[in-house]
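Subject: A structure for you to explore

Hi there,

Here is the structure I promised to pass on to you. Have it open while you read, and my notes on what I found follow below.

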Amino acid sequence: MATPSVEYLPPPLDATAEQPAIFDGTIRLYLAYPCPYAQRVWIARNCKGLQDKIKLVPLNLQNRPAWYKEKVYPENKVPSLEHNGKVIGESLDLIKYVDSNFEGPSLLPDDADKKEYFKTLLSHMDEFPGMVYATFKGDSTKDADAAFDLLETALAKYDGPFLLGNEFTLADIAFIPFVERFQIYLSEVFNYDLTAGRPKVAAWIEAADKIDAYKQTKKTDPKELVEIYKRIFSPQK
């Protein structure tokens, strides 16, 4: 099996960057490399094999270009996708949009029960990181324990290492960017191993790390992440 080539990643555009062409037929994914929400859509794009179809336009969120809000996406957030003369956002909507509107392997199984379970998992998507962030803001890991116990339970529903069984799907894409960052921060600041006593979570992370489409999006700098999260959640630490 041929090793996939590593995609060239353009440098992020800051406030001094010229505005690229807009609505010229090019499909563009506006993102920030460190952003977990944007990473979801980036992973979905890669899983569909759309590297040549959907162009990455990375932004520097700390010094973002004014034209992005003025001309591209008034919400001024990432990710957003420029397609068919319009720009749409919201990462969970976008991963489903990319899966439904472009060629490539389907990122959801045909099984009706699994599709319904996917909806159930997404309904907990806001709650899950919120529980972990509660730990970041305090000294107890109780809330993080509960969150990762829920993930362990969710992974037990189907045979296979992933949330919907043997295939890496939109369900995994929704959760993995956050768990990737939580694992770094909890280990560094709380000396907490989120996989300890959770063999299914450990196997899930290990299996995901073998997926090239995901691996190519793992651009989080651990030191930088810890500094950012400390500033946001726990300035006393």
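Let's begin with the domain annotations. For "domain: GST N-terminal", UniProt lists residues 25-106 in an unreviewed entry. Please keep in mind throughout that this is a predicted model. Over residues 25-106 the chain is 37% helix and 22% strand, and the C-alpha atoms at the two ends are 24 Å apart. A further UniProt annotation, "domain: GST C-terminal", also from an unreviewed entry, covers residues 91-232. There the chain is 65% helix and 0% strand, with 22 Å between the end C-alpha atoms.

**The sheet**

In what order do the four strands lie in the open sheet? If you trace across, you should get S2-S1-S3-S4, and the pairing is mixed. Strand S2 (54-58) and strand S4 (86-89) stand at the edges with a single partner strand each, so one side of each has no neighbour in the sheet. On average, neighbouring strands of this sheet are turned by 25° against each other, direction ignored.

A little background may help with the word "mixed". Strands of a sheet pair through backbone hydrogen bonds, and the pairing is either parallel or antiparallel. You can find both kinds here. Strand S1 (residues 27-31) pairs with S2 in the parallel sense, over five bridges. To see one of the partnerships, look at isoleucine 27, whose bridge partner in S2 is isoleucine 54. S3 and S4, on the other hand, pair in the antiparallel sense over four bridges. In this pairing, glutamate 82 stands opposite valine 87 of S4.

S4 is a nice strand for looking at side chains. Which of its side chains are buried? Val87 and Gly89 point to one face and are buried, while Lys86 and Ile88 point to the other face and are not.

Now add the helices that lie on the sheet. Helix H1 (residues 36-47) lies across S1 and S2, and runs at about 145° to S1. Helix H3 (residues 91-101) also packs on the sheet, where H3 touches strand S3 (80-83) and S4. The direction of H3 makes about 120° with that of S4.

**Some backbone details**

Three spots in the backbone are worth a visit.

- Valine 78 and proline 79 are joined by a cis peptide bond, with omega about 5°. You will find proline 79 in the loop between helix H2 (66-72) and S3.
- Asparagine 84 has a positive phi of about 55°, although this residue is not a glycine. Asparagine 84 belongs to the hairpin of S3 and S4, which has two residues between the strands. With a relative accessible area of 65%, asparagine 84 is exposed.
- Phenylalanine 23 is not a glycine either, yet has a positive phi of about 55°. Phenylalanine 23 lies in the segment before S1 and is partly exposed, with a relative accessible area of 43%.

**Aromatic rings**

A pair of aromatic rings is described by how far apart the centres are and by the angle between the planes. How many aromatic pairs does the structure hold? The count is 23, and I picked out two of these for you.

The rings of phenylalanine 178 and phenylalanine 182 have centres 6.3 Å apart and planes at 50°, so this pair is tilted. Both residues lie in helix H7 (residues 170-190), four residues apart, which is about one turn of the helix. Phenylalanine 178 and phenylalanine 182 are both buried.

For tyrosine 185 and tyrosine 229, the ring centres are 5.4 Å apart and the planes stand at 75°, so the pair is edge-to-face. This pair links distant parts of the chain, with tyrosine 185 in helix H7 and tyrosine 229 in helix H10 (residues 222-233), 44 residues apart. Tyrosine 185 and tyrosine 229 are both buried.

Finally, have a look at two lysines that sit over rings. The charged end of lysine 114 is over the ring of tyrosine 158, 5.0 Å from the ring centre. Lysine 157 lies over the face of tyrosine 117, at 5.1 Å from the centre of that ring.

Enjoy exploring, and write back with any questions!

Best wishes

Key
Residues are numbered from 1 along each chain as its sequence is written. This is a predicted model: local features need pLDDT of at least 70, side-chain atom pairs count only at pLDDT 80 or more; totals for chains, interfaces and linings use all residues. Side-chain values use heavy atoms; hydrogens and water are left out. Rings of Phe, Tyr and Trp (its six-membered ring) pair if their centres lie within 6.5 Å; planes under 30 degrees apart count as stacked, over 60 as edge-to-face and the rest as tilted. Buried means under 20% relative accessible area, exposed over 50%, partly exposed in between (1.4 Å probe, protein chains only). A charge sits over a ring if NZ of Lys or CZ of Arg is within 6 Å of the ring centre and within 35 degrees of the ring normal. UniProt positions are given in the numbering used here, feature names are shortened, and annotations may be inferred rather than shown by experiment. Two strands pair if DSSP finds at least two bridges between them. Axes are lines fitted to C-alpha atoms, for helices over the stretch in contact, and angles run from 0 to 180 degrees between N-to-C directions. Contact means heavy atoms within 4.5 Å.
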